[in-house]
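Please look at the model below before reading on. The paragraphs that follow go through its charged pairs, its helices and a few single residues.

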Amino acid sequence: MLSPEVPTLDDLAPVGPAVDGPGAWLPGVVLHLALVGPQLGRRDLFGDEAYSLAATHSLWQTWQRTGGTMALYYGLLRPWAAVSADPRWLRLPSALAMAAALAVLARLVARHHGASLGRWAGLVAAASWLPVRQSLNARSYGLVALLVAMAWSALDRVLDRGPAERTARPTACFAAATVLLPLAHGLAVVQVAALAVAVAWARPPARRAGPLLLACAASLGVGLALYVAGGKDVGVSLAPFGARAALGFVRALVNPSLKLAPTLALLTAWGAWRCVRGPAATSAQRFRQVALVLWGPVAAVAVLGVNLFRPAQQAQYAMGSALALPALLVVGVAGLGRPARAPVHRMPPILGAALLLTVLAVVQPVLPERRRPGRAPRPWWPRTGVRATASCSSPPMPAWPSKANWPAGPSRGCATSGPGARSARSTASPRHRPPTSRPAPPPPPACGW
């Protein structure tokens, strides 16, 4: 009697309308926009967002002063900001880009593990803390998440095609997304390196691997050119890199709750183990073993490792990894209590509902910020040994445009950093205004990543 056949990774990826249909990706998009939409105008523009708005008025000078850091985002934001400078309007591109990235993620997980797990991955990622927070910021992290998701999805499409099928369109999509990544944020080159490792691990035919690796090399070349041009610094630190800084990085990337973050991290590690183990005979199967693992925890650890050379890496710099982590979390929860190699086509309803409700309860994205009389708003990042300061990924502008030249006028609490510019604190209370006789400070040195 023949022994039962061991299921392969293809058993976890049923094809059909349910995989690519709206039922797999639409719930996560709707949930994310419902969480983010009411909050887009809840606070005034803070310092980095004011940099984004100021950069749209002098793109070339911003490019020269920052070495091209976030040049793609500033270029896309310039026509958008010409319509209005209202905070809701300026933050809307980030929310839309993140919602689109969630749709791409859900479809990718559905192709790997079935439509049910794809839907749950989209829902949990939509309610995750870092994606919600970065959707509310007029910065490039939503664009980074979208480009990263598009690159991984296009690579999956290329490797999943048969020998006789054409791959020109997904290959072109992959090349465009990877080459543009360094222009969206310098540290996105970590994801490009992970994509190159995934191609090498999958071992596709040479005629397919060549264009893919060439696109990765071109993207790394763009990143190197930006680094040489001046996009080098990532920030300043008020504390040396150590265990507390690493803990703060993990909490900000996974969940700010010190009690919940280790549990979610362990479930994510279990999901990564479930993806890696098991047979893999084809290029697509080998790719699906490591795709979410390289996309999520491996790339996040690489970004954290940069702290050894450049302290004060904030979790938003690993935004490219933040969508794969909820996907691995869902895979881990779906595998609880099941044989390691048994096919999983849907998540246990009780576990799935409990997981989503727990994440929503802890994130609490709609709670107002605490304010004390006479004090600036408290920061939303976790309390650790590292404090976020003015990020050098923000372009130092030589002069702040006057309110008369703004399309719709900034909010009262905008923070700026050019000569003669007023900070948010100086507008909050007369006692914080600097004396008029004090000379304007010089602009900070050019910086980038």
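This is a predicted model, and it contains 5 salt bridges. Side chains of opposite charge can pair when their charged atoms come close. One such pair is made by Arg-91 and Glu-49, whose side chains meet with a nitrogen-to-oxygen distance of 2.7 Å. The two partners come from distant parts of the chain: Arg-91 belongs to helix 6, which covers residues 87–113, and Glu-49 belongs to helix 3, which covers residues 47–55. In sequence they are 42 residues apart.

Are these two partners buried or exposed? Arg-91 has a relative accessible area of 1%, so Arg-91 counts as buried. Glu-49 is buried because its relative accessibility is 0%. The cut-off behind both statements is that a buried residue has under 20% relative accessible area.

Which other residues does Arg-91 touch? Leaving out residues up to four places away in sequence, its contacts include Leu-40, Gly-41, Arg-43, Asp-44 and Leu-45. Glu-49, the salt-bridge partner, is also among the contacts of Arg-91. Further along the chain, Arg-91 touches Ser-135, Leu-136, Asn-137 and Ala-138.

Helix 6 takes part in a second salt bridge through another residue. Arg-111 pairs with Asp-156, and their closest N and O atoms are 2.9 Å apart. This pair also links distant parts of the chain, with Arg-111 in helix 6 and Asp-156 in helix 9, residues 141–160. The separation along the sequence is 45 residues. Arg-111 and Asp-156 are both buried.

Asp-156 has another partner as well. Arg-288 forms a salt bridge with Asp-156, the closest N and O atoms lying 3.2 Å apart. Here the link runs between helix 15, residues 283–305, which holds Arg-288, and helix 9, which holds Asp-156. These two residues are 132 residues apart in the chain, and both are buried. Through shared partners, salt bridges join Arg-111, Asp-156, Asp-160 and Arg-288 into one network.

Helix 15 can now be followed further. Of its 23 residues, 18 are buried, so the helix is mostly covered. How large is the kink in helix 15, and where does it lie? The kink is about 50° and is found at Leu-294, shortly before the proline Pro-297.

A contact leads from helix 15 to helix 14. Ala-272 sits in helix 14, which runs over residues 260–276. At 11% relative accessibility, Ala-272 counts as buried. Not counting residues up to four places away in sequence, Ala-272 touches Val-293 and Leu-328. The C-alpha atoms of Ala-272 and Leu-329 are 8.3 Å apart in space, although 57 residues separate them in sequence.

Gly-75 gives another example of residues that are far apart along the chain. Gly-75 lies in helix 5, made of residues 71–81. With a relative accessible area of 31%, Gly-75 is partly exposed. Its C-alpha atom is separated by 9.9 Å from that of Ala-184, which is 109 residues away along the chain.

What lies on the surface? Leu-224, Tyr-227 and Val-228 form a nonpolar patch there, and together they have about 320 Å² of accessible area. Leu-224 is part of helix 12, residues 206–229. Leu-224 is exposed because its relative accessible area is 54%, and the cut-off for exposed is over 50%. An α-helix has 3.6 residues a turn, so residues three or four places apart point the same way.

Two cysteines can be added to the list of covered residues. Cys-216 is buried at 2% relative accessibility, and Cys-275 is buried with a relative accessible area of 3%. How many disulfides does the structure hold? The number is 0.

The last step is to look at the whole chain. Its secondary structure consists of 18 helices and 0 strands. The chain has 449 residues, and 52% of them count as buried. Among contacts with a separation of 6 or more, 80% are between residues 24 or more positions apart. The accessible surface comes to about 19,900 Å², and carbon and sulfur atoms account for 65% of that surface.

How values were computed: Residues are numbered from 1 along each chain as its sequence is written. This is a predicted model: local features need pLDDT of at least 70, side-chain atom pairs count only at pLDDT 80 or more; totals for chains, interfaces and linings use all residues. Side-chain values use heavy atoms; hydrogens and water are left out. A disulfide is a pair of cysteine sulfur atoms within 2.5 Å. Buried means under 20% relative accessible area, exposed over 50%, partly exposed in between (1.4 Å probe, protein chains only). A salt bridge is a side-chain nitrogen of Lys or Arg within 4 Å of a carboxyl oxygen of Asp or Glu. Helices (H or I, at least four residues) and strands (E, at least two) are DSSP runs, numbered from the N terminus. Patches are made of residues with over 30% relative accessible area and no salt bridge: like charges are joined within 9 Å, nonpolar side chains (Val, Leu, Ile, Met, Phe, Trp, Tyr) within 5 Å. Accessible areas come from the Shrake-Rupley method with a 1.4 Å probe; for residues, only the protein chains shown count as cover. The bend at a residue is the angle between axes fitted to the seven residues ending there and the seven starting there. Contact means heavy atoms within 4.5 Å.
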